[in-house]
Amino acid sequence: MGTTERRIEIMRILCRRRYEKISNLAQEFGVSKRTISRDIEALSITEPVYTQSGRYDGGVYVTKGYSISKMYMTEKELNLLH
């Protein structure tokens, strides 16, 4: 699995679970925690994901209400595409 596919799958996981620990994601994908951290850093530029530190509630979160399947463009933006 390449970087792009992994990042897409990370977003799918986060949209389903709403939260996950970096260590769990690293184990699921068979990569290092640093690789997942880089993925999250890159995703946070274009996607509503953020990290929170802490022993019990630390991890990666997706903004409440966000879903990959929803469209987040305004009517004006959609018209510009057509």
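## Working through a small predicted fold

Residues 24 or more positions apart account for 54% of the contacts (heavy atoms within 4.5 Å) in the chain with a separation of 6 or more. Before you start: this is a predicted model, where local features need pLDDT of at least 70, side-chain atom pairs count only at pLDDT 80 or more, and totals for chains, interfaces and linings use all residues. Residues are numbered from 1 along each chain as its sequence is written, and side-chain values use heavy atoms, with hydrogens and water left out.

### Exercise 1: Get your bearings

Task: work out which elements the chain has and in what order they run.

Solution. Start with the assignment: helices (H or I, at least four residues) and strands (E, at least two) are DSSP runs, numbered from the N terminus. That yields four helices and three strands. Reading from the N terminus on, you get α-β-α-α-β-β-α. For overall dimensions, the C-alpha trace spans about 45 × 30 × 20 Å along its principal axes. Last, burial: of the 82 residues, 29% are buried, where buried means under 20% relative accessible area, exposed over 50%, and partly exposed in between (1.4 Å probe, protein chains only).

### Exercise 2: Lay out the sheet

Task: find the strand order and say which strands sit at the edges.

Solution. Strands of a sheet pair through backbone hydrogen bonds, either parallel or antiparallel. Here, two strands pair if DSSP finds at least two bridges between them. Step one: S2 and S3 (residues 59-62) run antiparallel and are joined by four bridges, with Gln-52 opposite Gly-59 in S3. Step two: S1 and S3 also pair in the antiparallel sense, over two bridges, and Glu-20 stands opposite Val-60 in S3. Step three: put these together and you have an open sheet of three strands in the order S1-S3-S2. The edge strands are S1 (19-20) and S2 (49-52), each pairing on one side only. Now for the connection: S2 and S3 form a hairpin with six residues between them, and Gly-54 in the turn has a positive phi of about 145°.

### Exercise 3: Compare two helix packings

Task: for H2 with H3, and for H1 with H3, find the axis angle, the distance and the residues in contact.

Solution. The axes are lines fitted to C-alpha atoms, for helices over the stretch in contact, and angles run from 0 to 180 degrees between N-to-C directions. Take H2 (residues 22-29) and H3 (residues 33-46): they pack at about 110°, with axes 8 Å apart. That makes H2 roughly perpendicular to H3; the cut-offs are under 35 degrees for roughly parallel, over 145 for roughly antiparallel, 65 to 115 for roughly perpendicular, and oblique for the rest. H2 brings Ile-22, Ser-23, Leu-25, Ala-26 and Phe-29 to the contact, while H3 brings Lys-33, Ile-36 and Ser-37. By class that's five nonpolar, two polar and one charged, with Ala, Val, Leu, Ile, Met, Phe, Trp, Tyr, Cys and Pro counted as nonpolar, Asp, Glu, Lys and Arg as charged, and the others, Gly among them, as polar.

On to H1 and H3, whose axes come within 10 Å and cross at roughly 75°. These two are therefore roughly perpendicular to each other. Contact residues in H1 include Arg-6, Ile-10 and Leu-14, and those in H3 include Ile-36, Asp-39 and Ile-40. The tally is seven nonpolar, two polar and four charged residues.

### Exercise 4: Trace the core

Task: which residues have the most contacts inside the largest nonpolar core?

Solution. A nonpolar core is a set of buried Ala, Val, Leu, Ile, Met, Phe, Trp, Tyr and Cys residues joined through side-chain atoms within 4.5 Å. The largest one has 15 residues, and Ile-10, Met-11, Leu-14, Ile-36 and Ile-40 have the most contacts inside it. H1 (3-17), H2, H3 and S3 each give two or more residues to this core, and H1 gives the most, with five. Zoom in on Ile-36: leaving out residues up to four places away in sequence, Ile-36 touches Arg-6, Ile-10, Ile-22, Leu-25, Ala-26, Phe-29 and Val-31.

### Exercise 5: Check two single residues

Task: are Thr-46 and Arg-18 buried, partly exposed or exposed?

Solution. Thr-46 is found in H3 and is exposed, with a relative accessible area of 60%. Arg-18 is found in the loop between H1 and S1 and is partly exposed, at 26%. The phi of Arg-18 is near 75°, a positive value in a residue other than glycine.
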